[in-house]
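Dear colleague,

I am handing over the structure we spoke about, and I would be grateful if you could look through it with the notes below beside you.

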Amino acid sequence: MKVVFYSFTGNVRRFLKRTELEDIYEITEANASEKISEPFILVTGTIGFGEVPAPVEQFLAENSTWIQGVAASGNRNWGNNFAKAGVTISQTYDVPLLMKFELHGTLKDTLEFKEKVVNFDESYGREALQSY
Ligand SMILES: Cc1cc2nc3c(=O)[nH]c(=O)nc-3n(C[C@H](O)[C@H](O)[C@H](O)COP(=O)(O)O)c2cc1C
């Protein structure tokens, strides 16, 4: 499944590079309003006080029908607001919060995320088949 991400300081970009997943799309200020018309898992950092970054909100305004799950980066120093962008997106769009990780994540986080994306592909395929 496609992984769509936004990274304002480079942590999420670095995290995803380590997964070696290939179908990756980066949201930028320039393309945030484009439609991608295929299912995706979103990965984003958290900004402000537990906020979803503005380009991600802009992207979801156009593409929310296709979101399947979300993972979020943050910093535990932010206490209750740690990686809260993921919680907000999960609740707003009623999709699973796959994981929260700190900064660019550990190797364990990378492997966990990769496994979840692969498992997601398998179960998504089954659901698609079952609907026929
Ligand atoms: C201005 C600013 C505000 C932030 N606010 C939060 C926050 O509320 N909660 C949190 O968990 N992390 C917060 N962070 C930390 C980032 O979410 C974290 O560094 C994340 O890894 C950034 O991902 P990125 O580099 O891919 O954009 C903030 C960082 C900055 C620079």
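The notes that follow take up the ligand and its surroundings, and then two residues of the loops.

Please keep in mind that this is a predicted model. The ligand sits in the largest pocket, where 20 residues surround it, and the closest of these are Ser7, Phe8, Thr9, Thr46 and Ser73. Helix 1 (11-19) and strand 4 (67-74) each supply at least two residues of this shell, and when the shell is divided by residue type, twelve residues are polar, eight are nonpolar and none is charged.

Several polar backbone atoms come close to the ligand. A backbone N or O atom of phenylalanine 8 lies 2.5 Å from a ligand oxygen, and a polar backbone atom of alanine 83 is 2.8 Å from an oxygen atom of the ligand, whereas for glycine 48 a backbone N or O atom lies 2.9 Å from a ligand nitrogen. Of the 650 Å² of accessible area that the ligand has on its own, the protein covers 84%.

Two residues other than glycine have a positive phi, and you may wish to look at them in turn. Serine 37, with a phi of about 50 degrees, has its place in the loop between strand 2 (24-26) and strand 3 (40-44), and with a relative accessible area of 49% this serine is partly exposed. Aspartate 94, with a phi near 55 degrees, is found in the loop between helix 3 (84-93) and strand 5 (97-102), and this aspartate is exposed, with a relative accessible area of 70%.

With best wishes

Note on methods. Residues numbered from 1 in each chain as written. Predicted model: local features only at pLDDT ≥ 70, side-chain atom pairs only at ≥ 80, totals over all residues. Heavy atoms only, no water. Near = heavy atom within 4 Å. Polar contact = N/O pair within 3.5 Å; in protein donor to acceptor, adjacent residues only side chain to side chain. Areas by Shrake-Rupley, 256 points an atom, 1.4 Å probe, with all protein chains shown as cover. 1 Å grid on protein atoms, 1.4 Å probe; cavity = no way out; pocket = protein on both sides within 12 Å on 5 of 7 lines; lining within 4 Å. Sits in = over half its atoms within 2 Å of the grid points. Helix = DSSP H or I, 4+ residues; strand = E, 2+ residues; numbered from the N terminus. Nonpolar A, V, L, I, M, F, W, Y, C, P; charged D, E, K, R; others polar. Buried < 20%, exposed > 50% of the residue type's maximum accessible area, 1.4 Å probe, protein only.
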